[in-house]
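Let's work through some exercises together, with the structure open beside you. Try each task on your own before reading its solution.

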Amino acid sequence: MEDWTYASKRCAVQVVYKLRLCAGTSHGFSGSRAATTNAASAAFRDKDIKALEPTKLRVAFVTHLHSDHTVGYPDLIFTPWTIGRRVPLEVYGPKGLKAMTEHLLEAYRVDIETRTNPDGNQREFPDGHKVNAHEIGPGVVYKDANVTVTAFATKHAMESYGYRFDTPDRSIVISGDTNPTQATIAACRGCDILIHEAQTPAWLATRPATFQQFAAKYHTRTAQLADLAREAKPRLLILIHYNALSPEELLSDMLTRYAGHFVVGRDLDVY
Ligand SMILES: [Zn+2]
Ligand SMILES: [Zn+2]
């Protein structure tokens, strides 16, 4: 339920839950529970964002390896290949990404062998399913003519990163799953768009104690996000990762706390 697409003249950034994508030649970000490629496909088709044509999904940035952020990863690896991507996928993310990638490729070994054998339907572009997985640290992790991508460490239950995307006409920061951090504020300062997770106290109160304890350490409440945004001063704040909470509930909670410009992100919104 949480896919967003942002488009500018030269670059599209797609946020599929926690994987983001900037396309031109297409940089993606990755991590999704919904089908990553389907979201890009819908953006390409319904929103006329040509850079998100699925075979152009070639670069992805992963915030962390929780399953709700990575179940779409094999989809991103394989679906664009089967419809025509000829080059390996380039993926950037925390330690553990390489092992996850190797295991996924092994899990689909029969599929890969069948598609690339002398009778296979992808035999003429056998590199399209390959993945170059880059395990990163904070700093600039990617740069091309359209975008510079800078990673910053966040505070979650495992190694995790947020990312800042600088394009010729906009700067976009995505938090990933995290407790409030100064690094996020520093990454945003002056940014056009900050995409940040948020949970309301009313919703958290309905959750089991272990969940509440976990959330207090590794996620962000709306009051905390309001404080953070007042310091970070994004031109637009987009709230994401609100789980079973309805967009209306989150909107009314945040309206009482934050006077800046913000929206609750919804599938395939374009900003
Ligand atoms: Zn997480
Ligand atoms: Zn999550």
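**Exercise 1. Describe what comes right after helix α8, and place that residue in its surroundings.**

*Solution.* Step 1: helices (H or I, at least four residues) and strands (E, at least two) are DSSP runs, numbered from the N terminus. Step 2: the residue that follows α8 is K233, and its phi is positive, near 55 degrees. Step 3: K233 is not a glycine, and it sits in the loop between α8 and β13. Most residues other than glycine have a negative phi. Step 4: to judge burial, count the other C-beta atoms, placed from the backbone, within 10 Å of a residue's own: 20 or more means buried, 12 or fewer exposed, and in between partly exposed. K233 counts as partly exposed because it has 14 C-beta neighbours inside 10 Å.

Before going on, here is how to read the model. It is a predicted model, in which local features need pLDDT of at least 70 and side-chain atom pairs count only at pLDDT 80 or more, while totals for chains, interfaces and linings use all residues. Residues are numbered from 1 along each chain as its sequence is written, and chains are lettered from A and ligands numbered from 1 in the order in which they are written.

**Exercise 2. Find another residue with a positive phi, and decide whether it is buried or exposed.**

*Solution.* Step 1: look at H241, which is not a glycine but has a positive phi of about 60 degrees. Step 2: H241 belongs to the loop between β13 and α9. Step 3: H241 is buried, because 23 other C-beta atoms lie within 10 Å.

**Exercise 3. Work out how the buried residues of α8 are arranged and what they pack against.**

*Solution.* Step 1: α8 spans residues 222–232, and T222, L225, L228, A229 and A232 are buried in this helix. Step 2: these residues cover an arc of only 115 degrees around the axis, so they are on the same side of α8. The arc is that of the directions from the helix axis to the C-beta atoms. Step 3: contact means that the C-beta atoms of two residues, placed from the backbone, lie within 7 Å. The buried residues of α8 pack against α5 (182–188), β12 (193–197), β13 (236–240) and α9 (247–255).

**Exercise 4. Trace the seven-stranded sheet from one edge to the other.**

*Solution.* Step 1: two strands pair if DSSP finds at least two bridges between them. Step 2: the sheet is open, its order is β8-β9-β10-β11-β12-β13-β14, and the pairing is mixed. β8 and β14 (262–264) stand at the edges with a single partner strand each, so one side of each has no neighbour in the sheet. Step 3: start at β8 (residues 139–143), which runs antiparallel to β9 (residues 148–153) and is joined to it by four bridges. K143 has T148 of β9 as its bridge partner. Four residues lie between β8 and β9, which form a hairpin. Step 4: β9 pairs with β10 (residues 161–166) over six bridges in the antiparallel sense, and A151 has Y163 of β10 as its bridge partner. Step 5: further along, β12 and β13 pair in the parallel sense over five bridges, with H196 bridged to L239 in β13.

**Exercise 5. Identify the residues with the most contacts inside the largest nonpolar core.**

*Solution.* Step 1: a nonpolar core is a set of buried Ala, Val, Leu, Ile, Met, Phe, Trp, Tyr and Cys residues joined through C-beta atoms within 7 Å. Step 2: the largest one has 50 residues, and V91, V173, L194, I195 and L239 have the most contacts inside it. Helix α2 (residues 73–82) gives the most to this core, with five residues. Step 3: take V173 and leave aside its neighbours within four places in sequence; its contacts are G162, R164, A187, C188, C191, L194 and I195.

**Exercise 6. Decide where to read the model with care.**

*Solution.* Step 1: pLDDT is the predictor's confidence in each residue, from 0 to 100. Step 2: the chain averages 86, and 84% of the residues score at least 70. Step 3: pLDDT stays under 50 over residues 1–12, and it is below 50 over residues 16–35 as well. Where pLDDT is low, the predicted coordinates should not be read in detail.
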